[in-house]
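User: I'd like to practise reading a structure with you, one feature at a time. Could you give me the general idea first and then the case at hand?

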Amino acid sequence: MDGNKRWVSGDLQHPDRDPDRREFVAQKQEPFGSVLACIDSRVPPELLFDTGLGDLYVMRTGGEAVGPVVTGSVEYGPLTSGTPLIVVLGHQRCGAVEAAYKSLRDDKPLPGNLESIAKALRPAYQETVRQGGPDPVDRMARAQVTLTAADLRSNDALAPLVKKGTLAVIGAYYSLDTGKVEVLSGAPY
């Protein structure tokens, strides 16, 4: 979050981005966090958190949609190298969430494999419809983050680490307008 504060203020340090760091991580990596973010070109976690080479495991899918391969990728850091943090990062004006919302609302399947994104986001859509209110796409993006973080927190492989206190699984939301990351759920106390 300190890196995000630097991103918002423009006071970037660009840490761990030089030949010495490249040589240091060439044989072994020990990222301090894993980030599951959207594919959106405006939401690169390494930049939003002002991090560098070897600092983060990053997985990106449309609308943070998950399935077995993605979940396994998220589990990789905590299970193999003790990465203590997972951040599920949604964002403002998410095109994947908007497409899924409209598809589900109108009962019109998306073309090709895009339909798998809509299916993965169905629980967030259903929660959004139940809650009602303005800006359903934004609410759905936030619901997707919260639901995905909760699912990861309670999955068979990660739940013991969360319970032991060696892993935090955070749901967060990025504002395209301000650059600020807001924690939605799972912040350790």
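User: How much surface does the protein expose, and what share of it do carbon and sulfur atoms supply?

Analyst: Happy to start there. This is a predicted model, in which local features need pLDDT of at least 70 and side-chain atom pairs count only at pLDDT 80 or more, while totals for chains, interfaces and linings use all residues. Residues are numbered from 1 along each chain as its sequence is written, and side-chain values use heavy atoms, with hydrogens and water left out. Accessible areas come from the Shrake-Rupley method with a 1.4 Å probe, and for residues only the protein chains shown count as cover. The protein exposes about 10000 Å², and carbon and sulfur atoms supply 54% of that area.

User: What radius of gyration does the protein have, and what would a compact globule have?

Analyst: The radius of gyration is taken over C-alpha atoms, and the globule rule is 2.2 Å times the number of residues to the power 0.38. For 189 residues the rule gives a value near 16 Å, and the protein has 17 Å, which agrees. Along the principal axes, its C-alpha atoms fill a box of roughly 55 × 40 × 35 Å. Buried residues account for 47% of the 189, where buried means under 20% relative accessible area, exposed means over 50%, and partly exposed lies in between (1.4 Å probe, protein chains only).

User: How many helices and strands are there, and in what order do they run?

Analyst: Helices (H or I, at least four residues) and strands (E, at least two) are DSSP runs, numbered from the N terminus. Here they come to nine helices and five strands. Their order from the N terminus is α-α-β-α-β-α-β-α-α-α-α-α-β-β. A contact means heavy atoms within 4.5 Å; among contacts between residues at least 6 apart in sequence, 65% join residues at least 24 apart.

User: Which residues of α5 are buried, and what do they pack against?

Analyst: An α-helix has 3.6 residues a turn, so residues three or four places apart point the same way. In α5 the buried residues are Ala96, Val97, Ala100, Tyr101, Ser103 and Leu104. They pack against α6 (114–120), α7 (122–131) and α8 (136–153). The helix itself covers residues 95–106, twelve in number, and reaches 16 Å from its first C-alpha to its last, close to the 16 Å expected at 1.5 Å a residue; that expected span is 1.5 Å times one less than the number of residues.

User: How many residues make up the largest nonpolar core, and which have the most contacts inside it?

Analyst: In soluble globular proteins, nonpolar side chains tend to be buried together. A nonpolar core is a set of buried Ala, Val, Leu, Ile, Met, Phe, Trp, Tyr and Cys residues joined through side-chain atoms within 4.5 Å. The largest one has 18 residues, and Cys94, Val97, Ala100, Tyr101, Leu121, Tyr125 and Met140 have the most contacts inside it. α5, α6, α7 and α8 each supply at least two residues of this core, and α5 gives the most, with five. Leaving out residues up to four places away in sequence, Tyr101 touches Tyr125, Pro136, Val137 and Met140.

User: Why is there no bond between the sulfurs of Cys38 and Cys94?

Analyst: A disulfide is a covalent bond between the sulfur atoms of two cysteines. The cut-off used here is a pair of cysteine sulfur atoms within 2.5 Å. The sulfur of Cys38 is 3.8 Å from that of Cys94, its closest cysteine sulfur, so the two are too far apart for a bond. A search of the whole structure finds zero disulfides. Cys38 is buried at 2% relative accessibility, and Cys94 is buried at 3%.

User: Where do Asp16 and Arg93 lie, and what is their phi?

Analyst: Most residues other than glycine have a negative phi. Asp16 has a positive phi of about 55° and lies in the loop between α1 (2–9) and α2 (19–25). Arg93 also has a positive phi of about 55°, and is found in the loop between β3 (85–91) and α5. Asp16 is partly exposed at 28% relative accessibility, and Arg93 is partly exposed at 48%. After α5 comes Asp107, whose phi is positive, near 55°.

User: Is Ser34 buried or exposed?

Analyst: Ser34 is buried, with a relative accessible area of 1%. This serine lies in strand β1 (residues 33–37). Beyond its neighbours within four places in sequence, its contacts include Tyr57, Met59, Val74 and Ile86.
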